[in-house]
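Colleague: Please take a close look at the place where the ligand is held, and describe it in a form that a first-year student can follow.

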Amino acid sequence: MILSVHDPATGSVLAELSDATREDVVAAVRRSREAQPAWGALGVDVRARVIARFRDLLLEDRLGMAQTVSRESGKPFAEALGVDVLICLDAAQWCATEGPGILRSESIRLMNPLFLGRVSHVEREPLGVVGIVSPWNYPLAIPGSNALHALLAGNTVVLKPASFTPMSALRFAGLLHKAGVPNDVMQVVVGSGQVTGDALVNADVDRLIFTGSVLVGHAVEAKLRERSVKSCMELGGSDPAIVLADAPFDVAVRGVLWGRFTNAGQTCAATKRVFVHRSLYDRFVAEAVRHASALRLGDPMTPDTDIGALCDPRAVDEMTAFVEDARKRGARVLCGGHARPDLGKQFFEPTILVDVPADARVLTEEVFGPILPIVPFGDEDEAVRLANASAFGLSASVWTSDTKHGHDLARRIVAGTVNVNDVAYTYAASETPWGGFKDSGHGLTHGRWGLLEMTRLRHINVTPPDPIAGRPWYFPYGAQLRDFFDQGTQFLYGSLKQKARTGPGLTSNLLRRRKQK
Ligand code: NAP
Ligand code: MG
């Protein structure tokens with residue numbers, strides 16, 4: 001079968017690729033498994049140097065890569081460069097410089113006198129083959145950062161990119177190969193979710209990182225669970241923003257608008273519901289409408305385009321249905337609300353809704369497009385209740401001039417990441433963890449936590465042949481052992497008085513037991 005890749009802005013065909021059958025996927029995973037031991041044996045420092053070379057190659061290729069991302073996803077070129085390429089570069093830089101230290105083995109001295117002189121070693125080893133199934137909204141940033149972490153940790157990778165956007169993933173893998181990653185260590189299998197994706201989920205992988213919708217994610221998860229395959233699920237979101245009465249007004253308006261309309265609203269961590277304190281509400285709405293009306297839709301490759309095309313051809317109809325549902329329930333559309341067929345088949349205006357009832361689909365479901373409902377609140381308890389009234393828990397934002405108060409309020413919001421006075425951007429901060437609560441998924445990517453999830457922990461404990469305290473707990477049992485443990489537990493965990501009382505007897509008992517060794 002042939003997979004046609006389209007330019008969402010023009011509808012023209014960008015490429016025709018033959019897709020991977022189920023057998024192709026099984027064969028790719030087999031090659032991946034065969035290649036893994038040698039890649040794992042190279043050691044983390046060698047792999048870090050390969051990733052540093054990849055970073056240099058991506059930097060050189062940044063404009064070409066951004067063009068590929070922009071063309072196949074429909075997002076403005078500046079976002080392709082400043083978000084997708086930058087995130088991938090940052091992930092490579094972080095993996096190359098910080099990663100080896102995080103993966104280094106650690107030795108742990110045992111403090112209990114019974115175990116004196118013994119040492120535990122905690123070592124991180126690769127899981128084996130990591131499967132990655134990724135979405136189209138950040139076609140380089142998401143699979144790129146996931147794959148770099150997996151590779152640095154010594155795993156091999158089989159990646160199934162979204163069928164709308166396979167070209168960025170292929171270009172990414174090409175750069176890795178040029179940097180010195182063997183072909184079988186980093187493979188891309190192109191094809192539909194139903195066939196190629198499903199085959200990867202059912203293949204002999206050790207971990208599967210799925211990023212995508214809740215609907216598909218839950219079905220994938222169920223299959224992985226049956227086989228006890230480790231999974232990481234990065235699913236949808238309906239992130240709230242809470243704008244408090246003391247919010248830095250201008251930055252809050254601009255931040256919320258960027259959070260909602262960046263990538264034409266097709267961001268997992270987009271600001272999908274905004275709650276504004278009543279004292280600011282009218283002013284906030286007026287400013288938001290003024291800014292949203294000024295956003296320029298158009299050709300993603302033109303530098304002053306703010307909003308490009310929607311990637312999924314079905315999205316324009318979906319957005320129209322969301323607006324209609326809200327309108328029917330009493331909401332008012334203050335700007336936007338329509339498709340823009342004059343620009344192309346896949347453009348939709350940035351839309352602001354007010355008077356939106358709580359049961360409107362724009363508040364209860366994930367809206368993956370440029371629609372922003374703005375809802376007033378009276379006090380913070382109400383704001384927190386509204387923010388948490390969602391099946392999702394990916395990220396959230398709080399806007400206030402009092403950052404200490406913002407931090408405290410952030411703890412009350414059920415979400416994997418809460419930003420105070422900014423939105424969504426931490427995906428680009430490679431040091432920080434990424435992962436959602438509730439329906440938004442489980443498991444972590446990014447930062448030391450994400451990197452460590454690409455490994456399993458091996459614990460090796462070494463005891464000298466004749467340890468200091470001997471092995472007093474060995475057979476034979478008897479009254480002597482009972483007294484030894486009675487004194488020992490009091491000595492170790494009791495008051496000073498108990499320690500003084502039990503110390504001398506304990507020592508002689510220990511010496512007696514050592515003689516019996
Ligand atoms: P999607 O429809 O769930 O697809 C995600 C990936 O899964 C695609 O590669 C898709 O292939 C594949 N797939 C579809 N059916 C499959 C199956 N039965 N078995 C295995 N794989 C299958 O999601 P999307 O529309 O691409 O992306 C949008 C969603 O992703 C939104 O909900 C968004 O919030 C979420 N997202 C979450 C994060 C996060 O970090 N939490 C980040 C980005 C996006 P096809 O392309 O061929 O359908
Ligand atoms: Mg989809």
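Modeller: Ligand 1 sits in the largest pocket. The model is predicted, and the description below should be read with that in mind.

Let us begin with the position of this ligand relative to the domains. Domain 1 (22-235 + 448-458) contributes residues to the shell around ligand 1, and domain 2 (239-428) does so too, so the ligand lies between them.

Which elements give two or more residues to that shell? They are the helix α8 (193-201), the strand β8 (207-211) and the helix α9 (214-226). Of the elements, α8 gives the most, with 4 residues.

The next matter is the kind of residue found there. There are 31 residues around ligand 1, and by character they divide into 15 nonpolar, 12 polar and 4 charged. Those that come nearest are Ser134, Ser163, Ser213, Leu235 and Glu366.

Two of these serines also appear among the polar contacts, for which the cut-off is 3.5 Å between a pair of N or O atoms. In the case of Ser163, an N or O atom in the side chain is 2.4 Å from an oxygen atom of ligand 1. In the case of Ser213, a polar side-chain atom lies 2.6 Å from an oxygen atom of the ligand. Gly193 takes part through its backbone: one of its polar backbone atoms is 2.8 Å from an oxygen atom of ligand 1.

How much of the ligand does the protein bury? Ligand 1 exposes 900 Å² when taken alone, and the protein buries 88% of that area.

Two details of the backbone may be added to this picture. The peptide bond from Phe475 to Pro476 is cis, with an omega near 5 degrees. Pro476 is placed in the loop between the strand β20 (455-462) and the helix α17 (479-493). Asn263 has a positive phi of about 55 degrees, although this residue is not a glycine. Asn263 is likewise found in a loop, namely the one between the helix α10 (249-261) and the strand β11 (271-277).

To return to the ligand: it sits in the largest pocket, and it lies between domain 1 and domain 2, since both give residues to its shell.

Definitions and conventions: Residues numbered from 1 in each chain as written. Chains lettered and ligands numbered in written order. Predicted model: local features only at pLDDT ≥ 70, side-chain atom pairs only at ≥ 80, totals over all residues. Heavy atoms only, no water. Near = heavy atom within 4 Å. Polar contact = N/O pair within 3.5 Å; in protein donor to acceptor, adjacent residues only side chain to side chain. Areas by Shrake-Rupley, 256 points an atom, 1.4 Å probe, with all protein chains shown as cover. 1 Å grid on protein atoms, 1.4 Å probe; cavity = no way out; pocket = protein on both sides within 12 Å on 5 of 7 lines; lining within 4 Å. Sits in = over half its atoms within 2 Å of the grid points. Nonpolar A, V, L, I, M, F, W, Y, C, P; charged D, E, K, R; others polar. Domains from an automatic or database assignment.
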